[in-house]
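I opened the model today to look up contacts, salt bridges and burial. My entries follow in the order I worked.

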Amino acid sequence: MNREEVYAKLSEIFEDVFDKKVELNEETQAKDVDGWDSLTHITLIARIEDAFDMKFTMHEVLNMKNLGEMVDIIIRES
Amino acid sequence: MGLVMDYLALSKNCKKKTDDSFLNYSLAVVGTSSTQLLSCALKGYAYEEGIALNVFDAPYNQLDAQFLDQDSSLYKENPNAILLYISSESLQTEFAALDLDAKKDFANTVMNRLVKYWDAITKNSKAKILQYNFVNINSSIFGSYGISLEYSFEYQISKLNMLLMDNAQNNSGVYVVDLNNQQSLIGRNSFYDDKFYYVAKMPISTKALPYAAKIVIDVIKIFLGKIKKCIILDLDNTLWGGVIGDDGLENIQIGELGIGQAYSDFQRWLKSLKQRGIILAVCSKNEVEIAKLPFEKHPDMVLRLDDFACFVANWDNKAANVISIQKTLNIGMDSIVFIDDNPFERDQVKSAIPELCVPDMPQDAALYVKYLKELNLFETVSFSLEDSKRNDLYRVEAKRLELEKDSVNYDDYLKNLEMEAKCSTFDSFSIPRVSQLTQRSNQFNLRTIRYSVDDIERISKDDNYITRYFNLKDKLGEYGLISVLIMKKENDYLFIDTLLMSCRVLKRGMEEFIFNSIATIAKELGYKKVVGEYIKTEKNAMVENLYTTMGYEDVGNNRFVLDVDNYKSKNTYIKG
């Protein structure tokens, strides 16, 4: 799966979780998205893991800095 | 009907507005692990069931403070119920730190702690207690050997579940919710996500949360009176494989061979439900003689004709038949489950009767029982041996209706029934049923005061009260305990605190019999006046004018007075 495809799929998941279209790029962080709090983070991570059939490590769940890093992990693990 | 088993969908429900059609309920969630997402799943699942659930999510791991301090934020919330969730994961951490002697006694230690919490809750609030049981975890310290070794965590958790079951039986306000079964259904590896436990202290994964929420809401539905009482069943391809009218008695699939086994198992499951008090009825498009044939002649049928309270087979549309069954049984349409393998019939019935519960049965009969078990439609919070006779009571009732049709007029019918009533003061045998009736009766209930078993016990011992319950029987059978009367002695009159009657015996002359008894009691005790009150509810309009009909004088403020000396005994065909 290439980067573009990952973003396309992520975009759908974000829209589902946040109930609205979310502009995503390599620099996007939790603080940029209205409603991305610690609880929603759990829901979001669980959805992404299911959709890409992969698992983040606990370290990654707590320390991913931005979407670019997340996409790196997804591409590596799925 | 389908189940919403997706956490995200449930969490979105939490933001939706509820309207007047929703029932209100408040629940406090108190746990040893984080319960924020669980609370959200509970609220979201309640929304699916038409319940506006107000959830108070207590700060986690402060059980002592919340339960033992009578001024705690928990008690200030005054919730209808408290969900107590001590996770096996938190217990495992506690267990690991113990020496071997303490490990051996761990289940008892935890159980004593629970009982202490329950007692404190009962003392400090009126909330019902919902207690999750404990999910099994094998520590793999001893391998399989651990399951027979007192020092292992797995042994202690299983023992704790057993202790919990025994203790809950003796605590009438405690309801165990079977979380452990949900874990076995979806599997430990789906139920628990190690990473999220460490990251967020969540012992239940987002995948499992809807399952954990469903079983709690199912019990709350019962508290709110949303009870399923009856199953109406199709026959061909539902209770047996094949079509009796086309295939004939020898060729339908039932019994211990091949596909027939699935239908036999389904029938066994239904028979157990009947034994626990669910009423069974048949609604089939068939000639009635042909429809009855397998029940009478097939050696492998588990269900027989006398297992059904009502048997309807004809070529009318099924919605009309369902309505006629509902009228015969005189129960709410929303308490009936309609089971039919044919999606076309289901759609038609469902659109004609939206309140009816119509499960989308799977195409494969092998999955009938599994699917219905998952729906968990027959939740209950009580069981008595009397429940197992309920089907028979309703079957006899259906026979009475036939007798009524055959009588020349209604008086003739009543006379033919040869009814006899018995009037007794509350005793230890009747107290649970009396309490149950004050909780369940809505229509023929003058003041609708709900009494717990404890309340009724207290009243029965209080000399200021006169208590009576009425049993009725006729030549076709027993109706059981069908009416409750509680009167309070005031200075110079008797006040009717509670007067209620089961709707199954309406218009049999029982009302007259009861009012004759009231006048007799007043006379015997030397009272000149009896005062009754009508408190209006949404459901008791049928008794609005009862007192005036029975010769009481309307004195305003919904109060009615009887001058005992002038009471004219009412005619009734019921013998005392």
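Is D16(A) buried, exposed or partly exposed? I found D16(A) partly exposed, because its relative accessibility is 32%. The cut-offs I used are under 20% relative accessible area for buried, over 50% for exposed and partly exposed in between, with a 1.4 Å probe and protein chains only.

**Ground rules.** I am working on a predicted model, in which local features need pLDDT of at least 70, side-chain atom pairs count only at pLDDT 80 or more, and totals for chains, interfaces and linings use all residues. Residues are numbered from 1 along each chain as its sequence is written, chains are lettered from A and ligands numbered from 1 in the order in which they are written, and side-chain values use heavy atoms, with hydrogens and water left out.

**Entry 1: the D16(A) pair.** I looked for the partner of D16(A) and found a salt bridge with K12(B), with the closest N and O atoms 3.0 Å apart. D16(A) sits in helix 1 (residues 3-18) of chain A and K12(B) in helix 1 of chain B, so this pair joins two chains. A salt bridge here is a side-chain nitrogen of Lys or Arg within 4 Å of a carboxyl oxygen of Asp or Glu. Helices (H or I, at least four residues) and strands (E, at least two) are DSSP runs, numbered from the N terminus. K12(B) counts as buried, because its relative accessibility is 18%.

**Entry 2: chain B against chain A.** I went on to the whole interface. Chain A puts 17 residues into the contact and chain B 15 residues; contact means heavy atoms within 4.5 Å. The two chains bury about 1300 Å² between them, 67% of it on carbon and sulfur atoms. On the chain B side, L8(B), K195(B) and F196(B) lose the most area to chain A, together 39% of what that side buries. Buried area is the accessible area (1.4 Å probe) that two parts lose on being put together, summed over both.

I counted six salt bridges between chain B and chain A. Among them is D50(A) with K207(B), at 3.6 Å from N to O. There are also five residue pairs in polar contact across this interface, both residues at pLDDT 80 or more. Which element of chain B gives the most to the side that touches chain A? Helix 11 of chain B does, with five residues. By class, that side has eight nonpolar, two polar and five charged residues. Ala, Val, Leu, Ile, Met, Phe, Trp, Tyr, Cys and Pro count as nonpolar, Asp, Glu, Lys and Arg as charged, and the others, Gly among them, as polar.

**Entry 3: salt bridges within chain B.** I tallied 37 salt bridges over all chains. I noted K274(B) with D307(B), 2.9 Å from N to O. This pair links distant parts of the chain, 33 residues apart. K274(B) is buried, because its relative accessible area is 14%. D307(B) is buried as well, at 2% relative accessibility.

I then checked R508(B) with E397(B), which form a salt bridge at 2.9 Å, N to O. These two residues are 111 apart, with E397(B) in helix 19 (residues 390-406) of chain B. R508(B) counts as buried at 6% relative accessibility, and E397(B) counts as buried at 7%.

**Entry 4: domains of chain B.** Chain B is divided into domain 1 (7-223), domain 2 (230-385) and domain 3 (418-566); the bounds come from an automatic or database domain assignment. The centres of domains 1 and 2 are 36 Å apart, taken over C-alpha atoms. Between them, domains 1 and 2 of chain B bury about 520 Å². K214(B), D218(B) and I222(B) lose the most area on the domain 1 side, together 61% of what that side buries. I found zero salt bridges across this interface.

**Entry 5: two asparagines.** N540(B) lies in the loop between strand 14 (529-533) and helix 24 (546-549) of chain B. N540(B) counts as buried, because its relative accessibility is 0%. A polar atom of the N540(B) side chain lies 3.0 Å from the backbone oxygen of N445(B). A polar contact is a pair of N or O atoms within 3.5 Å; within protein, one must be able to donate a hydrogen and the other to accept it, and residues adjacent in sequence count only if both atoms are side-chain atoms.

N491(B) lies in the loop between strand 12 (477-489) and strand 13 (493-501) of chain B. N491(B) is exposed, with a relative accessible area of 82%.
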